[in-house]
Structures are given as C-alpha cells and as structure tokens.
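Thanks for making the time this morning. I would like to take you through one structure, beginning with its aromatic rings and then turning to its helices.

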Amino acid sequence: MAWKNQLDFVSLGSRGIRGSKKVPKSCIESAEYIIQCYANGKLLDWKAGDSREPHVYAHFGNKSINISDTANFHLSASGLKDYAFTGLPVEGQGLICLNKTKKDLGYNMHLGAVVAVNAEDGKVLISNMMEQAHMAVSLTTIEYIEISSVTEFITLNFGDDGPASYALGLLDL
C-alpha cells in the first residue's frame, strides 16, 4: 500500500506500520495536539495543562464548537447534525463522534486525528487514544485504526448503533 504522511506519528517502514511518536493518552488531547502539530508544521512539546495555538474546532452540520477553549463542550451536543462530509478528512484534520441523544449527554464522545493517508485507496490512519477515567493524562506511543469511511470511525468504537446516537463532526482549525 502507498501510505503517506507528512509528520512521523507512525512509521511506514518495510516492517509494516507502527506507532512511532508519543501523544497524550486521551482522545481529546491527542486529536487536538496532532492537529496543532500539523498546523505548526512540526512536532510540538506537550505538557498536561499547557495550551497551544491554533485552537481546534469541531464542525457539525449546524454548529461549530471550539474544543480548545470551551469547557465541557460535550454538553452542547443536543440537536447536533452530522457534518456534510464529501470524503474522509485529510492529514491534519480529524473526526469527532459526540453523543446527541437526550438519554445520555454526559461525557460520551470520541475524537481522532488523521496521521497518514493511503494514496491508492484513500483510506486513512486515525488516532484512537483512550484514557482511563479519573487518571492524569500522560504521554504514550500513538494508537491508531484504519478507516475507509467516516461512519466506520463510529462503528469501530461504538458498534452498529453508534451512527444513530452520535453526531459526526470534522475536527479542523
């Protein structure tokens, strides 16, 4: 396969693809960090609690949310509509699944940032970090999944019922 990446979050060597850089072990912080690294054209230093520029936004069909500067942004999920995707996000962009059902507007979401693209078939490698509840966020080698559609990001993380419960948005600047 013809995988390509601009920043080396994953190694695309002859031994296959593997994570090569450390990112925050949090879906929110890792996606934000990766997108900010792409915007700055280099790997940035990361420390818990530090803010970086530029801010990252979650764009939905009817609303945009600054995830870098909005505390508890997940509480704004009621009534969200899916972003009108025309394809997969590119390197330096990402995806957000945000629970939009009235039964559960708690901390119920997942975010990922694209770190490599396959030039032959258009598939992408997207970060897939998850932290343990009530644990301090630390750095760890990136984990990722391969997807061929935006809804696949939801179903791989939340099952077949995911698309009905989650609004799907684009992470970008």
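**Aromatic pairs and two helices**

This is a predicted model, and if we count rings of Phe, Tyr and Trp as paired when their centres lie within 6.5 Å, the count comes to four aromatic pairs. Let me start with Phe9 and Tyr33, whose ring centres are 6.3 Å apart and whose planes stand at 85 degrees, so that this pair is edge-to-face. Phe9 sits in the loop between strand 1 (3–4) and strand 2 (10–13), while Tyr33 belongs to helix 1, so the pair ties together parts that are 24 residues apart in sequence. Both Phe9 and Tyr33 are buried. Another of the pairs is formed by Tyr83 and Phe85, with ring centres 4.8 Å apart and planes at 65 degrees, so this pair too is edge-to-face. Tyr83, at 30% relative accessibility, counts as partly exposed. Ring pairs also link Phe9 and Tyr33 with Tyr38 into a cluster.

That brings us to helix 1, which runs over residues 27–40. Its 14 residues reach 20 Å from the first C-alpha to the last, close to the 20 Å expected at 1.5 Å a residue. How many of the 14 residues of helix 1 are buried? Eleven are, so helix 1 is largely enclosed by the rest of the structure. Among these buried residues are Tyr33 and Tyr38, which we have just met in the ring cluster, together with Cys27, Glu32, Gln36 and Cys37. As for what covers the buried residues of helix 1, the list includes strand 4 (22–24), strand 7 (94–99), strand 8 (109–118), strand 9 (124–127) and strand 12 (166–172). Just after helix 1 comes Gly41, which takes a positive phi of about 70 degrees.

Now to helix 2, residues 150–158, where the buried residues are Val150, Phe153 and Ile154. These residues cover an arc of only 95 degrees around the axis, which puts them on the same side of helix 2. It may help to recall that an α-helix has 3.6 residues a turn, so residues three or four places apart point the same way. And what do the buried residues of helix 2 pack against? They pack against strand 7, strand 8, strand 9, strand 11 (144–147), helix 3 (162–165) and strand 12. Helix 2, finally, is followed by Gly159, whose phi is positive, near 85 degrees.

Methods:
Residues numbered from 1 in each chain as written. Predicted model: local features only at pLDDT ≥ 70, side-chain atom pairs only at ≥ 80, totals over all residues. Heavy atoms only, no water. Helix = DSSP H or I, 4+ residues; strand = E, 2+ residues; numbered from the N terminus. Expected span 1.5 Å × (residues − 1). Buried < 20%, exposed > 50% of the residue type's maximum accessible area, 1.4 Å probe, protein only. Contact = heavy atoms within 4.5 Å. Arc of directions from axis to C-beta. Phe/Tyr/Trp six-rings, centres within 6.5 Å; stacked < 30°, edge-to-face > 60°.
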